[in-house]
Amino acid sequence: MQKENFNKIGDVFYVLCRISIGLFFFITGFNKLFHPVFQGYMLKTITSLGFSNPQFMANFVASNEMFWGLLLILGLLTRLSSFALIIVMLVALFTKDIHSIPTELIPIDPKVGNRPMDNFTWLSYFFYLPQVLYIMILGLFSLYGYKAFGVDRFIKKKKANPYK
């Protein structure tokens, strides 16, 4: 396979990933705003974390997920939308999800007894959290931008030659 073709396939894969991640955030934000079950779940989560004015915060977070996800789908302000979603994921990671990592290892055989969590094992649990993967992928989008397909492409063309 020629390098040109490999780059084109890589660009297509990159765009599919960008659109898929954007779609994920758009749908989850939409559901948290408009679906009663997800509204309740989001409100319960925000309330349990101790945020002041939890209804506003739940709607604010959901709106951001939906808005920035849509921009990511379109490839519009790709770097900014990726960065904004990284912030959303970091807040979710550090306020809620990082606390789901166990503090000790519980073996199948109770005779062995519980053991404290070592750093290497903690790190493996950390990398299993989906937010970490989203942050890494969004980091790529914030560094590389829209890549091959997106509204940013047309904005970039206008800036390159404003007299056309």
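Reader: Before we start, what counts as a polar contact?
Author: A polar contact is a pair of N or O atoms within 3.5 Å. Within protein, one atom must be able to donate a hydrogen and the other to accept it, and residues adjacent in sequence count only if both atoms are side-chain atoms.

Reader: And what kind of model am I looking at?
Author: It's a predicted model, where local features need pLDDT of at least 70, side-chain atom pairs count only at pLDDT 80 or more, and totals for chains, interfaces and linings use all residues. Residues are numbered from 1 along each chain as its sequence is written, and side-chain values use heavy atoms, with hydrogens and water left out.

Reader: OK, back to polar contacts. What does the side chain of S82 reach?
Author: The backbone oxygen of T78, at 2.8 Å. S82 belongs to helix α4, residues 78-95 (helices are DSSP runs of H or I with at least four residues, strands are runs of E with at least two, and both are numbered from the N terminus).

Reader: Is S82 buried or exposed?
Author: Buried, with a relative accessible area of 0%. Buried means under 20% relative accessible area, exposed means over 50%, and partly exposed is in between, using a 1.4 Å probe and protein chains only.

Reader: So which residues does S82 touch?
Author: Skipping residues up to four places away in sequence, S82 touches L72, L138, F141 and S142. Contact here means heavy atoms within 4.5 Å.

Reader: S142 is on that list. Where is S142?
Author: In helix α6. S142 counts as buried at 19% relative accessibility. Its side chain has a polar atom 2.8 Å from the backbone oxygen of G139. Beyond residues up to four places away, S142 touches R79, S82, F83 and I86.

Reader: And L72, where does that one sit?
Author: L72 is in helix α3, which covers residues 54-74. L72 has 0% relative accessibility and counts as buried. Apart from neighbours within four places in sequence, its contacts include R18, I21, T78, S82, L138 and F141. Also, the C-alpha atoms of L72 and Y146 are 8.3 Å apart, with the two positions 74 residues apart in sequence.

Reader: I21 shows up there too. Which residues does I21 touch?
Author: L72, Y134, I137, L138 and F141, not counting residues up to four places away in sequence. I21 is also among the residues with the most contacts inside the largest nonpolar core, along with F25, M89, F126 and L138.

Reader: How many residues does that core have?
Author: The largest nonpolar core has 26 residues. At least two of this core's residues come from each of α1, α2 (36-48), α3, α4 and α6. By definition, such a core is a set of buried Ala, Val, Leu, Ile, Met, Phe, Trp, Tyr and Cys residues joined through side-chain atoms within 4.5 Å.

Reader: Switching topic: how many salt bridges are there?
Author: Two, from a search of the whole structure. A salt bridge is a side-chain nitrogen of Lys or Arg within 4 Å of a carboxyl oxygen of Asp or Glu. K32 pairs with E65, and their closest N and O atoms are 2.9 Å apart. K32 is in helix α1 (residues 3-34) and E65 is in helix α3, so this pair ties together parts 33 residues apart in sequence.

Reader: Are K32 and E65 buried or exposed?
Author: Both K32 and E65 are buried.

Reader: And what about D97?
Author: D97 forms a salt bridge with K96, the closest N and O atoms being 3.4 Å apart. D97 is buried at 12% relative accessible area, while K96 is partly exposed at 33%.

Reader: What about rings: how many aromatic pairs turn up?
Author: The whole-structure search finds 11 aromatic pairs. One of them is Y14 with F141, edge-to-face at 5.3 Å centre to centre and 90° between the planes. Y14 is in helix α1 and F141 in helix α6 (residues 130-144), 127 residues apart. Rings of Phe, Tyr and Trp (its six-membered ring) pair if their centres lie within 6.5 Å; planes under 30 degrees apart count as stacked, over 60 as edge-to-face and the rest as tilted.

Reader: Which residues do ring pairs link into a cluster?
Author: Y14, F141 and Y144.

Reader: Last one: where does UniProt place the "transmembrane region" feature?
Author: The unreviewed UniProt entry places it at residues 12-34, 67-94 and 125-149. UniProt positions follow the numbering used here, feature names are shortened, and annotations may be inferred rather than shown by experiment. In the model, residues 12-34 are 100% helix and 0% strand, with end C-alpha atoms 32 Å apart. Residues 125-149 are 76% helix and 0% strand, with end C-alpha atoms 35 Å apart.
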